[in-house]
Structure formats: C-alpha cells, structure tokens
Amino acid sequence: MAQSPDSSSWNSKTACYAIIVILACIAVTCLVFAATCAGNSMPVPCRTDCPSGAPLIPVFTAPAEKIAAFKDPLFTRQLYAEAVTYEPLLGTQGTQVHMGFWSGKGNHGNMLRLLDAINEGPAALAVPPGRAIWDEGVNAYYNFPSYSQMMNEHWYERAAGVNGTVIVFGRAYTDPHTVTFAHADEIWGQYSARYTDMAEPIAQATGVPVKTWCFVQGAKANRVFYTYELPQLRLLEQKGAVEVYFAKTPDADWTKPEDWINGTANAPPPSG
Amino acid sequence: MPAAPPKPNRAALDAAFTLVFSQGRSPPSCPVPNDTDLLNRIRDKVTNASPTECRDALIRIQRLSHDVYEVCGEFREGAYGTGEDAQAIALSLLEEKCPGLDEKEYRTAFAVGMMWTAF
C-alpha cells in the first residue's frame with residue numbers, strides 16, 4: 001500500500017520524537033548513575049559496578065551540627081528505624097537481639113567473629129530467632145545508613161588536614177569547616193552512645209532484654225567504650241533492658257557462660 | 001653481604017594500601033578478609049606484578065597498619081607533644097618505620113589510625 005505524503009511526514013516526526021526521547025532517557029540514566037557513584041550530597045555508597053575512576057566525594061558537614069544531632073535522643077529512634085528497616089526481626093516480639101561492643105587493639109576482629117557466629121549459626125534459625133548487631137550495622141555486612149554517612153564525612157581525614165586542605169581517597173579538598181581530633185572523637189563517641197541506647201527500643205519491641213557482648217580487654221579509659229558506651233550500658237542495665245557480658249579471652253564463645261564476666265558492676269578495669 | 005631488599009612494586013603497593021586503608025575491615029586484626037583473600041585481590045588488580053611483589057606489598061602495608069596503630073595511640077597519649085608539630089612528628093616517625101610510601105599515603109594511614117584508636 002502506498003503511503004500518503006502526510007503519513008510519511010508523520011512517520012518522520014514520530015522517528016524524530018522517538019530519537020529525542022531515547023537520547024533524553026540515556027542522559028537521565030547517565031546523570032543518575034554518575035550521581036550515585038560520585039556520592040554528591042547523598043549518603044549513597046559507591047556500588048561495586050560503578051566504573052573505576054568515579055571518585056566518592058566527601059561530605060563536609062559542620063562538626064557542631066553533627067555533634068548536636070548525635071546528642072539528641074531522637075537520633076536513637078532514627079538509628080533504630082534504620083535497623084528495623086534492614087532487619088525487621090529486630091523489632092519483632094520474641095527475637096533475642098544481641099549487641100556487640102569492642103574497644104582496643106584486636107577486639108574488632110573478635111567481635112566480628114561473635115557476630116558471625118550468631119547470625120550465621122544455629123541461633124539465627126532458632127525459634128524465636130537470634131540476631132546480632134553492632135555499631136556498624138545490622139550484621140557484619142550491611143551498614144546502617146547513618147554509619148555510612150559518617151564514613152562519607154571522613155572526620156579523621158578532615159581532622160588531620162593541614163591549613164584547611166584535607167586528603168581523602170588520595171585527593172586534596174578544601175574543608176569549609178575546622179575539624180579537630182576532639183571533634184572527631186566526640187562525633188564517634190556520641191554516635192556510639194546513641195547506638196548503645198538503641199537497646200531500649202529493641203527490648204521494648206521484642207519483649208526480651210538485649211544481650212550485650214563486650215570485647216574490651218586492653219581497652220583504654222579515655223576511648224569510646226569506657227567514655228560513652230559503658231555509662232549508657234549501666235543505665236540500661238538498671239532499667240532491665242540489657243544483660244551485659246565481658247569477654248575473659250579474645251576467643252570467648254558466646255555459648256559458653258564460663259567465657260564471660262556478667263554485669264557492669266564487674267566490668268574489667270580499663271588499661272592505662 | 002646480605003642481598004638488597006627487592007624494590008617494591010608501586011602498583012601493587014597502591015592496591016594493597018587501598019584494600020587495607022580504604023576498603024579494609026579495620027583494624028588490622030580483622031579476620032575478614034584474610035591474607036590469602038587480600039593477596040588474591042591485589043593480584044587481580046595488578047596483573048603484571050609477580051606473586052612475590054604482591055606478597056611484599058601486602059606485608060609492607062600490613063606492617064604500616066600495625067605501626068600506625070601504635071603511633072596513633074602514642075599521639076593520643078601526647079607522646080609527640082600537644083602542639084601543631086605533634087602530627088608532623090607522628091608522620092615522620094611513620095615514614096621512618098615504614099619507608100617507601102608517599103606523603104598522601106602516610107597522611108591517610110594516620111587519619112585511619114586515629115579512627116581505629118578512637119574506639
């Protein structure tokens with residue numbers, strides 16, 4: 001069938017519009033992809049399939065703003081909401097939730113082993129199930145968005161800056177704010193205190209006191225655990241929201257009561 | 001006369017540094033990923049480096065990760081003073097203990113070490 005001149009013109013216009021729409025879609029996709037990889041102001045970590053060379057851009061939050069946000073008890077609710085979004089069992093009646101704490105050289109790895117032993121062992125499949133979290137996230141693999149955001153803020157790199165120039169991922173940036181190591185320590189400390197406080201809404205939701213496991217052998221008095229976390233654990237213990245256990249050895253097994261010291265009253269003294 | 005130590009492979013060092021200080025599970029005692037896993041990741045990243053060069057790079061960077069923990073701990077205790085020079089002293093000590101890296105890497109390692117020792 002022969003096409004009329006009008007039909008031919010319509011087909012050309014349609015083809016033209018189609019090309020424009022396709023190009024626009026490609027442009028939008030590229031922009032979204034670039035923004036995701038670059039981080040921009042969004043707390044989105046780079047995906048593993050981002051092309052190499054797309055740098056994560058640090059977020060230059062003001063330290064006073066961050067400290068104020070973390071001192072606010074509302075941040076505990078936010079962190080709890082993030083946790084339950086990632087792992088609904090943390091807010092489900094009956095779940096035995098475990099929270100990990102560590103301080104001092106070597107203890108991060110010891111804590112990680114306990115976390116995996118609970119989340120990947122028989123306790124995870126028990127009825128009711130057990131779940132173990134720590135300050136970084138809902139397990140050893142998935143971080144809280146607030147934790148990722150803090151990592152993107154690079155507090156210690158910024159504190160180590162010289163004359164406002166900071167090195168992040170090997171690149172130099174100008175920091176609009178003055179950041180000190182004291183700021184960085186307080187930001188991480190307040191974050192850790194609010195993480196500890198999260199035991200209370202968890203215990204309320206599950207109806208079960210949270211078991212807290214602390215690997216703190218050799219930890220110093222002026223670091224995060226003894227300064228920020230232990231005081232909160234004492235308060236929570238008084239409220240009946242937590243049971244507190246301190247590892248006697250680096251390889252303490254959470255299923256063996258003889259490997260642990262019970263109660264904050266028996267907390268090992270800090271080192272130095 | 002003992003043989004001179006092998007010259008480090010720059011690309012392998014960079015790959016090891018990134019793994020331990022930018023993508024690592026910190027601090028140094030962390031069992032995941034283990035040494036074999038780390039070594040495989042370096043070899044995947046720097047395919048033209050020999051296995052010996054990759055292992056050498058990992059050992060150097062792991063040594064740095066242990067030394068930076070000690071240096072940052074001492075920095076926190078005021079062992080290098082409390083003024084603006086204290087950080088410069090810490091960085092130069094780090095360079096003395098673990099030579100062969102560039103300034104940006106020492107500064108990054110120091111910042112990461114300060115975070116590790118905060119806890």
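Colleague: What makes up the contact of chain A and chain B?
Modeller: On one side there are 21 residues from chain A, and on the other 19 residues from chain B. This is a predicted model, by the way. Residues are counted here when their C-beta atoms, placed from the backbone, lie within 7 Å.

Colleague: Which elements give two or more residues to the side of chain A that touches chain B?
Modeller: Those are α4 (107–119), α7 (155–159), α8 and α10 of chain A. The largest share comes from α4(A), with 4 residues.

Colleague: How do the residues of that side divide by class?
Modeller: There are 11 nonpolar, 5 polar and 5 charged residues on the side of chain A that touches chain B.

Colleague: Let's stay with two of those helices. Why are α8(A) and α10(A) called roughly parallel?
Modeller: Helix α8 (residues 181–197) and helix α10 (residues 224–239) of chain A pack at an angle of about 25 degrees. Angles under 35 degrees count as roughly parallel, and therefore this pair gets that label. Their axes are 9 Å apart, and α8(A) passes α10(A) in a right-handed crossing.

Colleague: Which residues of α8(A) and α10(A) meet?
Modeller: From α8(A) come W188(A), G189(A), Q190(A), S192(A), A193(A), T196(A) and D197(A). They meet V224(A), T227(A), Y228(A), E229(A), Q232(A) and L233(A) in α10(A). By class, this contact of α8(A) with α10(A) has 5 nonpolar, 6 polar and 2 charged residues. Glycine counts as polar, so G189(A) belongs among the polar ones.

Colleague: On to the sheet of 5 strands in chain A. What makes β2 and β7 its edge strands?
Modeller: The order is β2-β1-β5-β6-β7 in an open sheet. Strands β2 (130–133) and β7 (260–262) of chain A each pair on one side only, and that puts them at the edges. Pairing in this sheet is mixed, and neighbouring strands are turned by 25 degrees against each other on average, direction ignored.

Colleague: How do you know that β5 and β6 of chain A pair, and in which sense?
Modeller: Two strands pair if DSSP finds at least two bridges between them. Strand β5 (residues 210–215) and strand β6 (residues 242–247) of chain A have 5 bridges, in the parallel sense. One example is T212(A), whose bridge partner in β6(A) is V244(A).

Colleague: Which strands does helix α9 of chain A touch on the sheet?
Modeller: Helix α9 (residues 199–206) packs on the sheet and touches β1 (96–102), β5 and β6 of chain A. Its direction makes about 145 degrees with that of β5(A).

Colleague: And what makes β3(A) and β4(A) a pair?
Modeller: Bridges again: strand β3 (residues 165–168) and strand β4 (residues 171–174) of chain A pair over 4 of them, in the antiparallel sense. One bridge joins I167(A) to A172(A) in β4(A). The two strands form a hairpin with 2 residues between them. In the turn, F169(A) has a positive phi of about 50 degrees.

Colleague: Now chain B. How many helices and strands are there?
Modeller: Chain B has 5 helices and 0 strands, and from the N terminus on its elements run α-α-α-α-α. Of its 119 residues, 39% count as buried. Among the contacts in chain B with a separation of 6 or more, 67% come from residues 24 or more positions apart.

Colleague: What makes the orientation of α4(B) to α5(B) what it is, and what is it called?
Modeller: The axes of helix α4 (residues 85–97) and helix α5 (residues 103–118) of chain B cross at roughly 110 degrees and come within 10 Å. The range from 65 to 115 counts as roughly perpendicular, so that is the name for α4(B) and α5(B). Their crossing is right-handed. The contact is made by A90(B), L91(B), L94(B) and E95(B) of α4(B) with Y106(B), R107(B), A109(B) and F110(B) of α5(B). That gives 6 nonpolar, no polar and 2 charged residues.

Colleague: Why are α1(B) and α2(B) called oblique?
Modeller: Helix α1 (residues 10–22) and helix α2 (residues 35–45) of chain B cross at roughly 135 degrees, with axes that come within 9 Å. Roughly antiparallel would take an angle over 145, and roughly perpendicular ends at 115. Therefore α1(B) and α2(B) are oblique. α1(B) passes α2(B) in a right-handed crossing. A12(B), A15(B), A16(B) and L19(B) of α1(B) make the contact with L38(B), R41(B), I42(B) and K45(B) of α2(B). These residues divide into 6 nonpolar, no polar and 2 charged.

Terms used. Residues numbered from 1 in each chain as written. Chains lettered and ligands numbered in written order. Predicted model: local features only at pLDDT ≥ 70, side-chain atom pairs only at ≥ 80, totals over all residues. Axes fitted to C-alpha atoms, helices over the stretch in contact; angles between N-to-C directions. Left-handed = near helix turned anticlockwise from the far one by under 90°. Contact = placed C-beta atoms within 7 Å. Buried ≥ 20, exposed ≤ 12 C-beta atoms within 10 Å, placed from the backbone.
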